[in-house]
Amino acid sequence: MNIAIFGGSFDPPHLGHDMIVKEALKSLNINKLIIIPTFLSPFKSEFGAPPLLRFQWCNELWSNLDEKIIISDYEISQNRPVATIESVRYFKCEFNPKKIYLIIGADQLKNLDKWHKFDELRELVSFVVASRDGIMVESNLQKLDINVKISSSKIKSELNFKHIPTAILDSVEKFYKEKNAR
């Protein structure tokens, strides 16, 4: 069995995330694609939308897309920031896969070596990099050719929801507009 892990804040999930999910299903030799919304990223001090709402949005978008997809509440249920290595260890025990792909955005490459227990992580996974914002991806890394210029942070700061999938658009727009009005 081969698995791919795609974690993130998904605050909110956008068309770039959706393209990554679909491309991973199409191009990776996997039996399971595990999508893990964070409780709170270890690199952030707060979240915009609460964890369970982000989990709900991910479920609405992807749980019925393909039988290979699992939307996991593992990190949310820890009720704290969870390092990627913890999730990888957990799913390694859960599925005993031959291969674990870890999908990351190209924007993560510059700080990847600062991730908790990076040396162990690098031994356990094959990194798959989703291209974005024209960031150069080394040729020795497997790549998902997405190359979008979308960020959840920009969506929230500009309150521009044109890159939100229609399945969750009303809920996402309502939440962030109400939050911004407070």
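**Figure 1. Two cysteines of the predicted model, Cys58 and Cys93, in close-up.** Cys58 counts as buried because its relative accessibility is 0%. Cys93 has a relative accessibility of 71% and therefore counts as exposed. A disulfide is a covalent bond between the sulfur atoms of two cysteines. A search of the whole structure finds zero disulfides.

**Figure 2. The largest pocket and its lining.** The space in the largest pocket comes to about 970 Å³. Its lining is made up of 42 residues, and those closest to the centre of the pocket are Gly7, Gly8, Ser9, Asp107 and Gln108. Sorted by type, the lining residues divide into 17 nonpolar, 18 polar and seven charged. Several helices and strands each supply at least two residues of this lining. The strands are strand 1 (2-8), strand 4 (99-105), strand 5 (126-132) and strand 6 (142-148). The helices are helix 1 (15-27), helix 4 (84-95) and helix 6 (152-158).

**Figure 3. Ser9, in the loop between strand 1 and helix 1.** Ser9 is among the residues closest to the centre of the largest pocket. With a relative accessible area of 14%, Ser9 falls under the 20% cut-off and so is buried. Leaving aside neighbours within four places in sequence, the contacts of Ser9 are Thr38, Ser41, Lys44 and Arg54. Leu40 is 31 residues from Ser9 along the chain, and the C-alpha atoms of the two are separated by 6.9 Å.

**Figure 4. Helix 1 and its buried residues.** Helix 1 has 13 residues, which should span 18 Å at 1.5 Å a residue. The end C-alpha atoms of helix 1 are 18 Å apart, so the model agrees with that expectation. The buried residues of helix 1 are Gly16, His17, Asp18, Ile20, Val21, Ala24 and Leu25. Helix 1 also supplies at least two residues of the lining of the largest pocket.

**Figure 5. Gly105 in strand 4.** The relative accessible area of Gly105 is 18%, and Gly105 is therefore buried. Apart from neighbours within four places in sequence, Gly105 is in contact with Val129 and Ala130. Asp133 lies 28 residues from Gly105 along the chain, with 9.9 Å between their C-alpha atoms.

**Figure 6. Ala106, in the loop between strand 4 and helix 5 (118-124).** Ala106 counts as buried because its relative accessibility is 1%. Once neighbours within four places in sequence are set aside, Ala106 is in contact with Val129, Ala130, Ser131, Arg132, Ile135 and Val137. Val129 and Ala130 are also contacts of Gly105. From Ala106 to Glu23 the distance is 15 Å, C-alpha to C-alpha, and the two are 83 residues apart in sequence.

**Figure 7. Helix 7 (residues 166-181) and the helices it packs against.** Helix 7 has 16 residues. From its first C-alpha to its last, helix 7 reaches 23 Å, close to the 22 Å expected at 1.5 Å a residue. Which residues of helix 7 are buried? They are Ile168, Val172, Phe175 and Tyr176. These buried residues pack against helix 2 (51-62) and helix 6. Helix 6 also supplies at least two residues of the lining of the largest pocket.

Methods. Residues are numbered from 1 along each chain as its sequence is written. This is a predicted model: local features need pLDDT of at least 70, side-chain atom pairs count only at pLDDT 80 or more; totals for chains, interfaces and linings use all residues. Side-chain values use heavy atoms; hydrogens and water are left out. On a 1 Å grid over the protein atoms alone, a cavity is a set of points where a 1.4 Å probe fits but cannot get out, and a pocket is an open set with protein on both sides within 12 Å along at least five of seven lines; lining residues have an atom within 4 Å of a point. Grid points are joined across faces, edges and corners, and a volume is the space filled by probe spheres set on the points. Helices (H or I, at least four residues) and strands (E, at least two) are DSSP runs, numbered from the N terminus. Ala, Val, Leu, Ile, Met, Phe, Trp, Tyr, Cys and Pro count as nonpolar, Asp, Glu, Lys and Arg as charged, and the others, Gly among them, as polar. A disulfide is a pair of cysteine sulfur atoms within 2.5 Å. Buried means under 20% relative accessible area, exposed over 50%, partly exposed in between (1.4 Å probe, protein chains only). The expected span of a helix is 1.5 Å times one less than its number of residues. Contact means heavy atoms within 4.5 Å.
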